[in-house]
Amino acid sequence: MGSGSSVNANYKYSLQKSENAFKAAVLIQQWYRRYVARLEMRRRCTWRIFQSIEYACEQDQIKLHNFFSYLMDHFTPSSSKERDFISRMFISGESFKEAELEKYCDYESLEVPDSYTGPHLSFPLLPDHATALLEAFKHKQQLHARYLLNLLHETRKHLKQLPNISHVSTCYSEEITVCGDLHGQLDDLFLIFYKNGLPSPSKSYVFNGDFVDRGKQSLEILIVLFTFLLIYPKEVHLNRGNHEDHMVNLRYGFTKEVMQKYKVHGKKILKMIQNVFCWLPLATLIDQKVLIIHGGISDTTDLDMLEKIQRNKFVSVLRGKKRKESNRNVEIQELNGESKVEADPAGNEADPSFSLQPRPAQAPSVANRLEFSKWVRQTVQEQIEWCRQLVDISESEPEELTYSSVVSLTDLDEPCWTRQDEWKQILDILWSDPIPQEGCRVNTVRGGGCYFGPDVTGKILEKHNLQFLIRSHECKQEGYEFCHNRKVLTIFSASNYYEIGSNRGAYVKLGPDLIPHFVQYQANKMAHTLTMTQRISRVEESAFRALREKLFAHTSALIRAFKAYDKDNTGRITLSNWATAVESVLHLGLPWRMLRPQLVRSTEDGMLEYKSWLDDLAMEQRSQEHIQSSLLEVIYRNRSNLETIFRIIDRDHSGLISSEEFHQTWKLFSSHMNIELTDDGINDLVRSIDFNKDGNIDFNEFLEAFRLVKQSQ
């Protein structure tokens with residue numbers, strides 16, 4: 001009996017011990033799950049802050065260029081000097097003729113000094129040249145301007161022979177590697193080549209745009225990619241991204257990078273790169289089943305139209321503008337032989353040089369498409385200038401036939417598209433983003449392109465007999481992400497894009513079965529040493545610092561919004577009203593109530609003293625910039641726009657604008673802004689900000705002009 005009692009006690013003790021252990025395990029598991037959930041919530045909030053600020057900046061960029069387009073449409077020059085200035089600032093940058101461009105960017109006239117120790121290039125390029133470049137860039141060496149201009153010249157010549165949509169087959173290589181945005185992060189490209197191997201006859205690559213901007217080595221990435229493109233033209237394919245656009249480069253750093261690295265020949269290099277960008281293909285098609293585009297699609301995306309667009313017309317997609325209906329009517333009349341040289345209102349005969357076409361014979365009616373097609377083919381050389389004007393082709397294009405122009409001439413029986421239709425096709429594939437909801441709507445967050453839902457994806461895939469789409473354009477935490485029932489794949493190759501540890505980079509490999517295989521990486525060594533908590537904390541700190549800068553930049557507007565809720569002028573509002581007011585000013589779509597603990601000190605009665613809160617924000621920014629608070633607010637809010645405006649005016653990218661250019665710019669602005677400035681007033685402004693009296697204005701002096709005008713209002 002005693003023995004049985006002892007066994008029973010031991011059993012109960014063991015059972016109790018196991019039960020306690022089980023309860024402890026459950027508690028630990030619950031604690032860990034809550035801990036991980038909190039970390040995930042912090043990560044998502046941080047991610048949303050970064051993306052909201054990034055997209056708001058892109059929206060500002062498009063708004064700025066819409067503003068300039070508005071000025072272009074409504075400003076009437078009062079003199080030939082003003083007309084020349086407008087032309088030089090907005091138009092002439094795109095109107096180099098072929099011979100002029102070759103002469104302007106003449107690399108043969110540049111000599112390479114004996115003291116030069118960097119890499120040397122000779123054409124045609126060989127694999128050894130590529131490896132030498134990679135080694136040189138690892139050691140921070142720079143390619144001589146002569147070799148760079150020569151490389152750009154050869155790249156441009158090659159790209160002009162390519163179609164708008166590159167066709168790639170897995171039959172010729174074991175697999176095809178697709179890379180997303182690199183954004184000037186050369187270490188990511190080095191790591192991709194280290195892990196996956198260099199391009200070769202058996203190793204094909206597709207680089208899906210956004211090679212430049214934001215990172216500090218955009219130019220080196222371009223040089224490496226263009227070099228491999230020329231060595232392996234059948235294995236290396238480059239798509240255009242929304243950052244392969246010189247107007248975007250003015251804001252996001254690439255223009256500045258080139259001018260800093262090539263102070264003497266930077267202007268020529270930028271001009272050539274600008275021309276190369278507009279010749280980049282728009283898409284890549286693998287085995288006729290997988291479409292690779294940078295941004296996305298819309299409900300009007302038409303691959304047949306995309307194949308036939310003369311892509312080089314769109315030097316900057318941000319500059320796409322509607323053609324006036326009256327001009328279109330004139331063109332239709334010309335096609336049907338109805339218009340004549342008319343006299344102007346003053347009774348003077350119009351200049352025949354402005355006639356739309358030097359017509360050798362009467363054109364057949366457009367209704368008879370076969371006869372019209374034959375007529376154009378017979379007289380194509382005599383009519384080439386008229387054709388250019390008809391479809392708004394820039395005079396910078398060569399007289400030789402390119403792939404896209406041949407397509408256009410051989411398909412004259414197809415419907416005619418307006419420039420606006422073509423521009424929208426390109427805008428949509430470069431700027432659009434997928435959404436989980438059905439339908440297609442304007443992308444108001446970025447300011448360009450559209451949001452497309454799974455139904456739009458399904459229709460495009462079915463229409464063109466495709467399996468799925470690969471796109472880039474959006475940073476993803478894991479470097480890639482599927483959506484729309486795995487029919488849309490986003491691939492992003494710039495790791496640590498927002499901050500060290502913020503995201504992985506990735507590339508995807510496709511074999512003959514077209515099943516995607518992903519490789520993820522972190523290019524920064526520090527990211528590997530951080531724990532998940534440390535990584536999230538570091539990224540979170542960076543995100544909230546950027547958000548506080550954004551809040552400080554809108555101090556004046558925030559005060560007005562807070563006062564609307566503070567009817568008794570107590571200087572205090574509820575935290576709920578604080579969140580509503582902040583969103584009404586910043587329009588970032590952020591969960592302000594959730595972010596409040598990181599931005600506002602806790603209060604016992606649930607009320608916020610908003611003036612002291614704004615003072616704290618100002619103190620934080622002033623500790624970094626020793627400038628008076630009011631001026632600092634204006635600079636924080638407008639600096640990116642002002643710097644972009646400055647670079648648009650600074651056509652030679654010298655970092656200086658002349659007094660005359662400044663004068664003409666202010667006349668342009670004052671006609672459409674609430675700023676009354678006479679010629680004498682502008683001259684006085686120039687004299688007051690030209691501190692060193694050299695007759696030129698640098699960026700800091702330019703900022704001073706906006707501050708003075710702001711104070712006078």
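Two strands are said to pair if DSSP finds at least two bridges between them. With that criterion in mind, this tour of a predicted model begins inside a sheet.

**Stop 1: strands 2 and 3.** Select strand 2, residues 176-179, together with strand 3, residues 204-207. The two strands run parallel and are joined by 4 bridges. To find the register, display T177, which stands opposite Y205 of strand 3. Between these strands the chain passes through helix 6, and the resulting β-α-β crossover is right-handed.

**Stop 2: the other neighbour of strand 2.** Now add strand 13, residues 505-510. Strand 13 runs antiparallel to strand 2, and 4 bridges connect them. Two positions mark the pairing: I176 lies opposite L510, and C179 has Y507 as its bridge partner.

**Stop 3: the whole sheet.** Extend the selection to all members of the sheet, which is open, has 5 strands and follows the order 4-3-2-13-14. The pairing within this sheet is mixed. Strand 4 (236-238) and strand 14 (516-521) form the edges; each has a single partner strand, so one side of each is left without a neighbour in the sheet. From one strand to the next, the twist averages 20°.

**Stop 4: the helices on the sheet.** Select helix 6, residues 186-196, which packs on the sheet and touches strands 2, 3, 13 and 14. The direction of helix 6 makes about 125° with that of strand 14. Next, select helix 7, residues 218-231, which also packs on the sheet, where it touches strand 3 and strand 4. The angle between the directions of helix 7 and strand 4 is about 130°.

**Stop 5: the faces of strand 2.** Return to strand 2 and show its side chains. In a regular strand, side chains alternate between the two faces of the sheet. Here I176 and V178 lie on one side, T177 and C179 on the other, and all four are buried, so both faces of the strand are covered.

**Stop 6: S204.** Which residues does S204 touch, not counting those up to four places away in sequence? Select S204 in strand 3 and display its contacts: they are S173, E175, I176, T177 and E235. S204 counts as buried because its relative accessibility is 4%, below the 20% limit for that class.

**Stop 7: the cysteines.** How many disulfides does the structure hold? There are 0. Two cysteines to select are C105, buried with a relative accessible area of 5%, and C179, buried at 0%.

**Stop 8: M41 and M594.** Select M41, which lies in helix 1, residues 2-74. At a relative accessible area of 42%, M41 is partly exposed. Then select M594: the two residues are 553 residues apart in sequence, yet their C-alpha atoms are 9.8 Å apart in space.

**Stop 9: the annotated EF-hand spans.** Finally, select residues 553-588, 637-672 and 677-712, which an unreviewed UniProt entry lists under "domain: EF-hand". In the span 553-588, colouring by secondary structure will show 67% helix and 8% strand. The C-alpha atoms at the two ends of that span lie 14 Å apart.

Notes:
Residues numbered from 1 in each chain as written. Predicted model: local features only at pLDDT ≥ 70, side-chain atom pairs only at ≥ 80, totals over all residues. Heavy atoms only, no water. UniProt positions renumbered as here; feature names shortened; annotations may be inferred. Axes fitted to C-alpha atoms, helices over the stretch in contact; angles between N-to-C directions. Contact = heavy atoms within 4.5 Å. Buried < 20%, exposed > 50% of the residue type's maximum accessible area, 1.4 Å probe, protein only. Right-handed = clockwise from strand over helix to strand, strands pointing away. Disulfide = S-S within 2.5 Å.
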